[in-house]
Amino acid sequence: MTTVIVIVIVAIVVILAIALITSYNRFVKQRNLIQESWRQIDVELHRRYDLIPNLVETVRAFAAHERHVFEEVARLRTQAQGIEGASPQQRAQAETALSGALRQMMISVEAYPQLQSNQNFLNLQRELTDTEDRIAAGRRFYNANVGDYNTRIEAFPSNVIANGFKFEKAGYFEVEDAAVRSVPQVSFGTIGAVSGEAQPPAVAPGQPQSSGQIQPQMPGYENQPNQQALPSYGPPNGGNGGNYGPPNGGNGGNAGAPPAGPGRPQDGQPPFTG
């Protein structure tokens, strides 16, 4: 009996030791993965720092009087490079300011058609756009790894190991893009209007509005007020027949008078009820 108890205790200790080692190694692996993904972002940030001076000089040659824009871009670039060892949150703030200055410079470029056709500027702009895309992809990968890592630090029972071995939560790298987060302005007065298309005439107050669609004559409404009566026609040679009345007083029905039927549907309702 004593031997069985000892074996059970030893088995429990071994299982706990294996779980501890596995959890610890997983923390180490996740931490290294976060560091590796951050280094990839840092490489792309340095590439952007290298592209910005060439881009600024190219733009300056065509738009020399946009001096304040160039000075702001250069100042923010220097500031971002100066905090390379800072936390991801501080780096994100600096990169947000730099991205805003670059966007403002690109907006000012729209006033210079010659610059937009310059091949050197187009190449630099394309490389900068590709770099921005890689930074965004690296940021998503980095933040996903940080999310998994921080979740394990807070969840039980892995948080016991995290607290015991001093594993600290990692910071996200989130660049605030005001242009993406802004609410688009929508004017419902322009929906349905096509460039070059004539607008419908204005309706005077008190006048019924028309939907602009042709309403066919419905059965049972041929004799209602404000309806124009259809002319009567006679069969050839004055003969009688069908719903045609003879022109010389012969017997016959009125032309175009369909049989009575259900009422006419209102505008905006389907012409059938199933």
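**Notebook: salt bridges, helix packing and backbone outliers**

I began with Glu44, which is buried in this predicted model, its relative accessible area being 15%. Looking for a partner of its side chain, I found a salt bridge to Arg134, with N to O at 3.1 Å. The two residues come from distant parts of the chain, since Glu44 sits in helix H1 and Arg134 in helix H5, 90 residues apart. I noted that Arg134 counts as partly exposed, at 36% relative accessibility.

Next I looked up Arg48, which is also in helix H1 and forms a salt bridge with Glu132 of helix H5, the N to O distance being 2.7 Å. This pair ties together parts of the chain that are 84 residues apart in sequence. I recorded Arg48 as buried, with a relative accessible area of 2%, whereas Glu132 is partly exposed at 27%. I then followed the pair further and found that Arg48, Glu95 and Glu132 are linked in a network of salt bridges.

For the other pair I checked, Glu154 and Lys169, the closest N and O atoms of the salt bridge are 2.5 Å apart. Glu154 belongs to helix H5 and Lys169 to the loop between H6 and H7, with 15 residues separating them. Glu154 counts as exposed at 52% relative accessibility, and Lys169 as partly exposed at 48%. My count of salt bridges comes to 10.

I turned to the packing of helix H1 (residues 2–62) on helix H2 (residues 67–81), and noted an angle of about 170 degrees with the axes 11 Å apart. Angles over 145 degrees count as roughly antiparallel, and H1 and H2 are therefore described in that way. On the H1 side the contact is made by Tyr49, Ile52, Pro53, Val56, Val59 and Arg60, and on the H2 side by Phe70, Val73, Arg77, Ala80 and Gln81. I sorted these residues into eight nonpolar, one polar and two charged.

Last, I went through the backbone, bearing in mind that most residues other than glycine have a negative phi and most peptide bonds are trans. The peptide bond from Phe156 to Pro157 is cis, with omega near 5 degrees, and Pro157 lies in the loop between helix H5 (119–154) and helix H6 (158–164). I also noted Lys166, which is not a glycine and yet has a positive phi of about 60 degrees. Lys166 is found in the loop between H6 and helix H7 (178–181), and I entered it as exposed, with a relative accessible area of 67%.

How values were computed. Residues numbered from 1 in each chain as written. Predicted model: local features only at pLDDT ≥ 70, side-chain atom pairs only at ≥ 80, totals over all residues. Heavy atoms only, no water. Axes fitted to C-alpha atoms, helices over the stretch in contact; angles between N-to-C directions. Helix = DSSP H or I, 4+ residues; strand = E, 2+ residues; numbered from the N terminus. Parallel < 35°, antiparallel > 145°, perpendicular 65-115°, else oblique. Contact = heavy atoms within 4.5 Å. Nonpolar A, V, L, I, M, F, W, Y, C, P; charged D, E, K, R; others polar. Buried < 20%, exposed > 50% of the residue type's maximum accessible area, 1.4 Å probe, protein only. Salt bridge = Lys/Arg side-chain N within 4 Å of Asp/Glu carboxyl O.
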